[in-house]
Amino acid sequence: MAEPLTRKKTVFLVRLAVIVITSYFIILSPSTGKQWENYGYIFIAIYLLTNLIVAYIPDKYFYDDKIFYGFVLFDSILLPAGIYVSGYVGSELYLMFFFIISLTTMSSNFGYLMVNTLFYSFIYGWLLYQRGLLTGPDAISYLIQIPFIIIIAVFYGFLITTRLKDKDIRINEARERYEKIVQATDVLMCIVDYDGKFLFTNQKLVKFYGYKDENNLLGLTISQLHNEDEAETEKTLNYVRSVYKNNETVHYESYDKNHGKWFAHTLSPIRDPSTSNVFEVCIISKDITDIMEKEQKLNETVELLQRTRNQLIQKDKMAALGRMASSIAHEIRNPLEIIYMGVDDLENNIPSDNKQMQESIEKIIKAADRADNIIKNVLSFARQSSYKIIRLPLHPLLNNVLALVEQTIQKNGVIVQRDYDNDSLEVAGDYNMLEHVFLNLVNNAIDAMKERKEKKLTIRAYKQLVTDIGYKIGLSPDDFFRIGDDMIVVEISDTGKGIAKGDMTKIFEPFFTTKPANEGTGLGLSIAHMIMDRLSGTIDVESTENEGTTFFVKLQSEIKTTNTAEV
Amino acid sequence: MSEKIRVLIIDDEVDFCYFVQKNLTRDGRFNILVATNGKDGIELAENEIPDIILLDLFMPDMPGEDVAAALQENITTAGIPILFVTALATNDDIANRDENKIGNNYIMPKPVRTKKLIETILDILGRS
């Protein structure tokens with residue numbers, strides 16, 4: 001079989017049949033009145049031409065309502081007129097019936113059209129009979145007019161019903177297609193009115209909010225969905241109203257706390273076709289949690305890289321400084337030695353009653369002592385002297401550190417909170433080194449809170465499974481902590497003034513201090529950092545200005561055999 | 001009158017040598033010999049056989065450890081106790097003197113004052 005018979009093709013074929021029959025009447029008319037015969041040929045030509053138009057007119061125009069009725073009217077007028085001019089009919093009543101049926105065609109109802117046609121065909125037949133035309137010599141040619149009218153009417157009826165059906169199918173097809181798109185899409189979709197009331201929702205949205213079907217949602221408002229998040233509701237409603245007001249699409253992103261998801265929303269106006277005013281708003285919400293999480297992860301990674309880079313630079317700097325400190329210490333101690341020895345010599349030569357000279361000597365010794373002290377600090381920074389890494393209990397160590405600063409804590413009115421893990425923790429380290437680190441951090445914390453109202457020092461100690469990659473934490477053999485290992489974390493938090501953002505990268509640098517010149521050497525944290533390096537541990541800091549600072553000391557729980565001390 | 005303690009100082013820091021010599025001589029119990037480089041020091045030690053040698057670790061011609069090794073290889077000087085006086089050591093290093101011996105030798109951080117130096121020398125000699 002070739003392609004199926006389309007409606008257009010049917011119309012074309014039926015019309016062709018009608019034209020052939022009508023032409024037969026016109027040309028081979030047995031009737032006497034042949035005065036219209038020439039016009040008859042013109043009629044045939046016009047009629048054939050219109051059928052050509054039917055064959056080639058684009059579907060768009062063929063299915064257009066106005067063109068369709070024009071076409072029906074044209075046929076209704078031209079067809080009977082053609083038959084009439086053939087002189088075959090002999091009765092102008094025939095024309096009248098045709099017009100009546102044509103008008104009935106406009107009713108768009110096939111049954112109605114058929115009843116009318118049969119009714120008028122009966123009357124027409126009766127009138128012909130009354131005039132005695134059905135018994136005369138031309139009886140057959142008159143009688144044939146009645147089925148002809150019926151055939152034409154059926155043809156019109158076909159056109160009407162198929163046209164409507166066709167239109168319905170097309171509408172349904174379009175609706176189904178849109179429905180499929182709306183339901184298959186991965187986005188939440190709804191249409192709301194000015195008050196945020198749902199007029200339509202897609203399945204995705206229905207399911208997302210845990211409803212059974214759309215009907216449970218219709219009539220509810222946005223606020224009822226977000227009832228735990230009033231700010232979010234208010235935000236959505238404001239956007240809906242702005243769409244009504246500005247007649248423009250808006251986009252925004254928001255976080256759904258209840259579901260823990262990020263959404264990108266697009267609110268588009270649905271306009272009244274005649275006035276262009278907004279009468280509904282379509283909201284399309286796309287889940288962008290993945291993208292946001294990826295973005296966040298990326299940011300975190302960049303930050304981590306930045307931090308690691310800084311720490312590496314820091315380590316490098318400290319190593320260089322350590323070497324330099326060693327040489328400087330050596331170079332300064334030799335002249336210091338000469339000063340001491342020289343002073344010893346002088347002391348023996350000063351008469352015991354010369355108090356002034358003796359005082360001067362004392363001052364020189366004091367200055368030399370001070371210089372020697374600085375050198376000692378620098379040197380202990382440069383190379384930590386003898387240490388022994390053993391496993392030792394952490395809690396007594398922390399308690400001992402707090403006991404050492406007990407007086408300072410009392411004097412400053414600091415409240416100490418100990419938040420240790422219930423299990424007694426053991427760390428791999430050197431007692432003196434760890435004491436040095438924690439003492440330093442606790443003293444710093446107390447200093448940072450000196451001018452603060454709330455003075456709370458919190459010391460936390462807990463075991464943590466290593467899960468995230470960080471500075472010296474990862475999978476490389478160089479890393480101190482491997483993913484999957486346990487590490488012991490000591491957090492020392494204060495409610496102090498915090499560290500200025502610009503200082504965060506500098507605090508572990510040697511000689512960096514924010515304290516007055518005679519109060520701090522600026523070596524405390526850099527020594528702590530170096531000690532942690534020696535112990536295969538890390539020291540990190542988090543700080544918010546005017547809120548407080550937390551230092552995280554991460555220690556090995558087992559002795560690492562691979563890590564050997566460097567110098 | 002008892003014999004004086006013969007101390008050999010090997011140190012490139014001339015002024016240090018000068019003051020040690022002066023202060024220790026004044027004390028009366030010491031006889032001081034001075035060498036300002038490693039080579040002279042070894043030679044002087046062989047010739048004079050001092051009771052104790054104060055040795056610097058960092059010297060331009062040879063490191064103190066090498067001087068000490070050379071002295072110990074030589075039978076005539078092998079028994080002389082050596083006290084390293086160095087600017088590189090810290091108090092922690094000598095917290096336990098026995099552990100901080102370099103071989104049979106002792107170590108003392110600079111700077112040191114005369115009194116302490118004398119005490120240390122006497123201590124070492126009293127022990128050995």
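Here are some questions and answers about this predicted model.

Residues are numbered from 1 along each chain as its sequence is written, while chains are lettered from A and ligands numbered from 1 in the order in which they are written. Since the model is predicted, local features need pLDDT of at least 70 and side-chain atom pairs count only at pLDDT 80 or more, with totals for chains, interfaces and linings using all residues.

Reader: Where do the buried residues of H6(A) fall, seen down its axis?
Author: H6 of chain A covers residues 110-130 (helices are DSSP runs, H or I, of at least four residues, and strands are E runs of at least two, numbered from the N terminus). A:Leu113, A:Thr117, A:Tyr124 and A:Leu128 are buried in H6(A), meaning 20 or more other C-beta atoms lie within 10 Å of their own (12 or fewer is exposed, in between is partly exposed; C-beta atoms are placed from the backbone). On the other side, exposed residues include A:Phe119 and A:Trp126. The buried ones line one face of the helix, because they fall within an arc (of the directions from the helix axis to the C-beta atoms) of 35 degrees.

Reader: Which strands stand at the edges of the sheet in chain A?
Author: The open sheet runs E2-E1-E5-E4-E3, with antiparallel pairing; strands pair if DSSP finds at least two bridges between them. Two of these strands each have a single partner, so one side of each is left without a neighbour in the sheet. Those are E2 (198-201) and E3 (250-256) of chain A.

Reader: And what residue stands opposite A:Asp256?
Author: Look at E3(A) and E4(A) (residues 261-271), which pair in the antiparallel sense over 7 bridges. The partner sits in E4(A), and it's A:Lys261.

Reader: Which helix gives the largest share of the side of chain A that touches chain B?
Author: The contact (C-beta atoms, placed from the backbone, within 7 Å) takes 19 residues from chain A and 19 residues from chain B. On chain A, H13 (289-349) and H14 (355-382) each supply at least two residues. The largest share is 13 residues, and that comes from H13(A).

Reader: What pattern does chain B follow along the sequence?
Author: Chain B has 4 helices and 5 strands, and buried residues make up 37% of its 128 residues. Among its contacts with a separation of 6 or more, 61% join residues 24 or more positions apart. Read along the sequence, the pattern is β-α-β-α-β-α-β-β-α.

Definitions and conventions
Two residues are in contact if their C-beta atoms, placed from the backbone, lie within 7 Å.
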